[in-house]
Amino acid sequence: MPRPVLLIHGGAGDISDSRIAGKFAGIKQALRSAWGLLSPDNGSGGGSALDAVEAAVRSMELDENFNAGYGSCLNTNGQVEMEASLMEGRDLRAGCITLLQDVMHPITVARRLMEKQRHTFLGGAAAQELALATGSERLQPGALVTEGARFTLKEFQDQMTQGKDPFFARTELAEDKPVPKTDPSGETVGAVAMDASGQIVVGTSTGGITGKWPGRIGDTPILGSGTYADNCRGGVSTTGHGETLMRYNLAQRILAAMEYQGLSAQAAADKECREMTKRLGGTGGAIVVGHSGDLGISFTSRRMAWGYVQDGTIFYGIEGQVVHQEPFTVST
Ligand SMILES: NC(=O)C[C@H](N)C(=O)O
């Protein structure tokens, strides 16, 4: 029987030192709220990967330390347009949502779509309609906008006014271009879980990138780029510069490297993240759970927050190879 595992990320990017504590707190909180749903010790013989992934992502959508739900990045109109995807690896069912506004939990809307099984990808008004019809509350316009998101948009717009385009700077890493103090890509959230039945589920949720054009769609809701789950191979959630990730098809490439080159989850994630940045310039990261339960955590950005629980211990990190660990309790 597979050993259940829950691995999450809180986004790849140029995360400043002052934001690390908030990221760690949010990662631990998300693991705390989701692990009980998956753990074999939860009294019900082990829970479902689907419930655990949804719970972990919902926790980070509520937390303004992450670029998803409340605290999402803003487009050039100062508005939040969110995206999410959810996939399960047994029957390859999925729900993908884009251009969603004024709803706290895009990942739950993605789950509702997946469960309906009629369509796989809905955007804009249709996504909104589904959200409201399946129990999501419509928030006041602007309710998801935080001070931090406003500040980052202002900083981005100031740089544009000065003729510096931070997007271009990040996709042309080899050149000496100005780099924004705050990464306009913000930090998407994602979770990959495998339950005791071998079911693998992946969910990813984002506000996109700061200063995006209204209507811009990133990698997050695109299967094979932001999210992919296949019980025969594994599950991947990615984060980083969406235009880069979708052109490279990062999630699918990592799974292909595991399947056809026999690489471990870690080796495949390292190889494909590195190769992507070498070829396209943009940076990003991925979390991976292989079908046999091995884990991969890799990023080419400066930082990426991540965490997982194993054998009563929580492991987490944000930088290079540095791994922190502490006993996991519900009050961690
Ligand atoms: N930080 C992120 O992961 C942003 C997301 N990948 C996007 O480009 O929309």
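Before looking at any strand pair I fixed the term: two strands pair if DSSP finds at least two bridges between them. I also noted at the outset that this is a predicted model.

**Entry 1, the sheet of four strands**

I looked up β9, residues 284-290, and found that β9 and β10 pair in the antiparallel sense over 5 bridges. To have one residue pair to look at in the structure, I took Val289, whose bridge partner in β10 is Leu295. I then asked what packs on this sheet, and noted helix α8, residues 250-261, which touches β7, β8 (234-240) and β9 and whose direction makes about 140° with that of β8. Helix α9, residues 265-280, packs on the sheet as well, touching β9 and β10, and its direction makes about 20° with that of β10.

Stepping back to the whole sheet, I recorded 4 strands in the order β7-β8-β9-β10, forming an open sheet with antiparallel pairing. The edges are held by β7 (227-230) and β10 (295-299), and because each has a single partner strand, one side of each is left without a neighbour in the sheet. Direction ignored, neighbouring strands here are turned by 10° against each other on average.

**Entry 2, the sheet of nine strands**

I next followed a second open sheet, in which 9 strands run in the order β4-β3-β2-β6-β5-β1-β11-β12-β13 with mixed pairing. At its edges stand β4 (121-123) and β13 (324-327), each with a single partner strand, so one side of each lacks a neighbour in the sheet. From one strand to the next I noted a twist that averages 10°.

Within this sheet I picked out β1 (residues 5-13) and β11 (residues 303-310), which pair in the antiparallel sense over 6 bridges. Here Ile8 has Gly307 in β11 as its bridge partner. Helix α2, residues 49-62, packs on the sheet and touches β1, β2 (82-88), β5 (189-194) and β6 (200-206), with its direction at about 160° to that of β5. Helix α4 also packs on the sheet, where it touches β3 (93-100) and β4, and its direction makes about 110° with that of β3.

**Entry 3, two helices and one leucine**

Since α4 had come up, I looked at its packing with another helix, and found that α3 (residues 106-116) and α4 (residues 125-133) pack at an angle of about 90°, with their axes 9 Å apart. I therefore wrote down α3 and α4 as roughly perpendicular to each other. The residues that meet are Val109, Leu113 and Lys116 in α3 and Ala127, Leu130 and Ala131 in α4.

I then turned to Leu62, which lies in helix α2. Leaving aside neighbours within four places in sequence, I found Leu62 in contact with Tyr70, Met104 and His105. Leu62 and Leu144 are 82 residues apart in sequence, yet their C-alpha atoms are 9.4 Å apart in space.

**Entry 4, the ligand**

Which residues are closest to the ligand? I counted 13 residues around the ligand, the closest being Thr188, Arg216, Asp219, Thr239 and Gly240. A polar side-chain atom of Thr188 lies 2.6 Å from a ligand oxygen atom, and an N or O atom in the side chain of Asp219 is 2.6 Å from a ligand nitrogen atom. In Gly242 a backbone N or O atom lies 2.9 Å from an oxygen atom of the ligand. Last, I noted that the ligand taken alone exposes 270 Å², and that the protein buries 100% of that.

Conventions:
Residues numbered from 1 in each chain as written. Predicted model: local features only at pLDDT ≥ 70, side-chain atom pairs only at ≥ 80, totals over all residues. Heavy atoms only, no water. Axes fitted to C-alpha atoms, helices over the stretch in contact; angles between N-to-C directions. Contact = heavy atoms within 4.5 Å. Near = heavy atom within 4 Å. Polar contact = N/O pair within 3.5 Å; in protein donor to acceptor, adjacent residues only side chain to side chain. Areas by Shrake-Rupley, 256 points an atom, 1.4 Å probe, with all protein chains shown as cover. Parallel < 35°, antiparallel > 145°, perpendicular 65-115°, else oblique.
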